[in-house]
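Reader: I keep meeting words like "buried" and "antiparallel" in structure descriptions. Could you show me how each one is earned?

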2 protein chains.
Amino acid sequence: MKKEILNLLEQKNYVEIKKNLESLNSADVAEILEEFDTNIQLLIFRLLQKDQAVEVFSHLSPVTQENIITSATDKEIKILVEELFFDDMIDLLEEMPAHIVKRILANVKENERSLVNHFLNYPINSAGSLMTIEYVDLKKNLSVKDALVHLQKTGVDKETIYTCYVIDAQRKLEGTVSLKDLVISDENKKISDIMNVEVISVNTLDDQEEVARKFKKYDLIAMPVVDKEKRLVGIITVDDIMDVIDDENTEDFYKMAAISPSDENYLDTSVFGIAKQRIIWLLILMISATFTGYIIKSFETALASVVTLAMFIPQLMDTGGNAGSQSSTVIIRGIALGTVKFRDGWKVLAKEFTVSIIVGLVLAAVNFLKIFFIDGLGVQISLVVSLTLFCTVIIAKIIGGILPLLASKVRLDPAIMASPLITTIVDALALIIYFSLASMILGL
Amino acid sequence: MKKEILNLLEQKNYVEIKKNLESLNSADVAEILEEFDTNIQLLIFRLLQKDQAVEVFSHLSPVTQENIITSATDKEIKILVEELFFDDMIDLLEEMPAHIVKRILANVKENERSLVNHFLNYPINSAGSLMTIEYVDLKKNLSVKDALVHLQKTGVDKETIYTCYVIDAQRKLEGTVSLKDLVISDENKKISDIMNVEVISVNTLDDQEEVARKFKKYDLIAMPVVDKEKRLVGIITVDDIMDVIDDENTEDFYKMAAISPSDENYLDTSVFGIAKQRIIWLLILMISATFTGYIIKSFETALASVVTLAMFIPQLMDTGGNAGSQSSTVIIRGIALGTVKFRDGWKVLAKEFTVSIIVGLVLAAVNFLKIFFIDGLGVQISLVVSLTLFCTVIIAKIIGGILPLLASKVRLDPAIMASPLITTIVDALALIIYFSLASMILGL
């Protein structure tokens, strides 16, 4: 597609480009646009017809959005702002630098501006920051027929009409009616007859992770957001929740690799931004690892008399770290998905202990045979290394299994109890066991 | 809630229990049920009224589902099987052991049985295995009014009616109509006038990861599944996709921690099952790590003359491993989310190189000062360790950034190029640099 468009651009055949793009889904057009340089992006974007342009815009990356707005006229910005769904506009305002936000806000209608400002004040990652105001509300004394007429008049501009929200005079949420129920019910019934009063809702300040959890648990496609007085202030739709799930998972992946989480795209983040995300944990872990060094130093005489012992340090450290990371990853993931809870602690402990004995035995046996027969280092060294390996695997799996649970208990994020930290702890313990066993068995 | 129910059970006040549970959402009832022992689970489950029982059942864990079916009568199974949504039944059959599958299939209606068998043959994790047959299809010459009447008659039993599928006489998919469009359109219009012909669909054999990607890209709530001849065979709804996203993420978390992925819940997996998932990679990595040991062995004389060198092995290995894991995690995640592609290779390389120089300089400087001033080990050793650290961080970040991209290029899963493997590779390189620099600078 890119080549085709470049060809058409050279021939200045804009009509054909426009025709090609109009036949595509907006998400695909946005993907194609991202492949071009800024100048061509702008040229193509201006070729799109208004409705499509707005939809394409909402799918673009913040960097491209910024480029387009920077060179857009005030009139163009006005159209964009009027046609964007409310939550997409809020997202945009949250991503843009201050001078662009100012230009956009100048083009928001007077009566919407205070609402926009209000929305921008919800904490990042809160339900309030995710919601949109384009929902359908109904009164409970309406008939099904009147409700459908109301929908026909107002539904076009709503982000979803599949769930309608029933509110009282104070805008307090009383129930929900699905469009499915409206369509299949007798048209003379009242909304109050068919509405569902067990409404699952969230508060504006609830964390997005909690919102996503409820969407998954109750299989919803939209969820109402209420304020402290239980008044309906917006709704969240499932498409935004899929992004939240991805973001939350990315956050966990990052934390588990000792990276400070960031909402920004890797390729769009500056080198200093990336370095900042990574250096703090690297420093902390580097300093922690020097303590493992001191353990070696304290056994320096033992090591000096049998230098061969040093040869097994990497293997013991790596295997211990890997064994611990496996356990911590499974438990961190279980906590995140709600399948493992703090009350399962004893079960986890028992399970990890038994698993570690099986795994430890196999690894130790393989290692013993390898050191004894292939390396030919004699029964004593083979025994010291294999025994250390066995003990290390057990300790690693228990620490890896329990630390995330303890973290969750004291309301720390379990994801920090992952590979890097577990490895550092297990390394130190492995080396203490190693040199203690060596001193005993080899009589150093 | 659990205590309350136990109290009521003791008083044999079943009416009250039933009343309490009926006021709850089925997902919540399922969650409460999971907390009880099997006997009480069965007792409570039988108290539920039919519709709720079926919904609760679809939310239960496979273990509890198995317990319930094992002790259910054939009549009860028949009701369950008739009322469950088709995709929930397929899920159930995929999870249950053979003797239970046999009992369930015996209670499936004759005409549905071949369809069930057909569905069970779709590969696990394919679009076919996710889909349901409860969708609404329309013909394009219908009027909007007739379509709505058709929906009123047939919509109750459909999993979603918010997107209706327009098919021709050969069941080939021609377009989609959203219920929103049906409701807001003039009732005399034809379906062909309002249908959307740019249909996003998937093939029965497409991988669920690809399906989830499309759901996210196009913000869908349902997607049609077609066979090779483009005939409509089912639909996938967004609630199932949220589970897919979680499963795919879990798979990546597991692979990145050197665990063979499994669909089974940790607490429900046997100790041998867990050990099997973990031991293969631990063995491979343990054997690989012995090569790092041989590197140390080949520098044994250098090490014997300055035993203090051993003290810094853990720190160099850990920091190198952590630096590499950070990069590989970011790139693996970027590839999974589609924000980093193979064609970005040079950008990634440039970025990781620059970041690694900044990070490496800071870490090396801190380490030099620490070794020189706090450990008092002299300028030469401080220099050897810090220089090694600097080089290791650069190499680690480049390897961590590039290997996942190369894996994606040759169609390997990038997630295996994660912490454990990167650490093993970086360890070896770090030690070669370390002892080479030591030999040069200390003249060993």
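Reader: What makes B:I425 buried or exposed in this structure?

Author: Good place to start, and keep in mind that this is a predicted model. A residue counts as buried if 20 or more other C-beta atoms lie within 10 Å of its own. B:I425 has 20 other C-beta atoms within 10 Å, so B:I425 is buried. You will find B:I425 in helix α22 of chain B, which covers residues 419–442. The C-alpha atom of B:I425 is 9.7 Å from that of B:G320, although 105 residues along the chain set the two apart.

Reader: Why are A:K230 and B:D219 called partly exposed?

Author: The label partly exposed falls in between, since exposed needs 12 or fewer such atoms and buried needs 20 or more. A:K230 has 13 other C-beta atoms within 10 Å, so A:K230 is partly exposed. B:D219 has 18 within that distance, so B:D219 is partly exposed too. A:K230 belongs to the loop between β5 (222–226) and β6 (232–237) of chain A. B:D219 belongs to the loop between α15 (208–218) and β5 (222–226) of chain B.

Reader: What is there to say about phi in A:K230 and B:D219?

Author: Most residues other than glycine have a negative phi. For A:K230, phi is near 65°, a positive value in a residue other than glycine. B:D219 is not a glycine either, and its phi is positive, about 50°.

Reader: How do you know which relation links chain B to chain A?

Author: Two copies of a chain are related by a rotation about an axis and a shift along it. Here, a turn of 180° with a shift of 0.0 Å along the axis lays chain B on chain A, with an RMSD of 0.1 Å. That turn and shift are why the relation is that of a two-fold axis. The same surface serves both copies, as 100% of the contact residues of chain B recur in chain A.

Reader: How many residues does each chain give to the contact?

Author: Chain B gives 91 residues and chain A gives 91 residues. On the side of chain B that touches chain A, 53 of the residues are nonpolar, 22 are polar and 16 are charged.

Reader: What makes α19(A) roughly parallel or roughly antiparallel to α22(B)?

Author: Angles over 145 degrees count as roughly antiparallel. Helix α19 of chain A (residues 313–337) and α22(B) have axes that cross at roughly 170° and come within 11 Å. That angle is over the cut-off, so α19(A) is roughly antiparallel to α22(B). Their contact divides into two nonpolar, five polar and two charged residues. Among them are A:D318 and A:N322 from α19(A), and B:T423 and B:D427 from α22(B).

Reader: Which label fits α20(B) and α21(B), roughly parallel or roughly antiparallel?

Author: Try the cut-off on helix α20 (residues 345–374) and helix α21 (residues 378–409) of chain B: their axes come within 8 Å and cross at roughly 155°. Since angles over 145 degrees count as roughly antiparallel, α20(B) and α21(B) are roughly antiparallel to each other. Their crossing is right-handed. In this contact there are 22 nonpolar, seven polar and two charged residues.

Note on methods:
Residues numbered from 1 in each chain as written. Chains lettered and ligands numbered in written order. Predicted model: local features only at pLDDT ≥ 70, side-chain atom pairs only at ≥ 80, totals over all residues. Helix = DSSP H or I, 4+ residues; strand = E, 2+ residues; numbered from the N terminus. Contact = placed C-beta atoms within 7 Å. Nonpolar A, V, L, I, M, F, W, Y, C, P; charged D, E, K, R; others polar. Least-squares fit on C-alpha atoms with pLDDT ≥ 70 in both. Axes fitted to C-alpha atoms, helices over the stretch in contact; angles between N-to-C directions. Parallel < 35°, antiparallel > 145°, perpendicular 65-115°, else oblique. Left-handed = near helix turned anticlockwise from the far one by under 90°.
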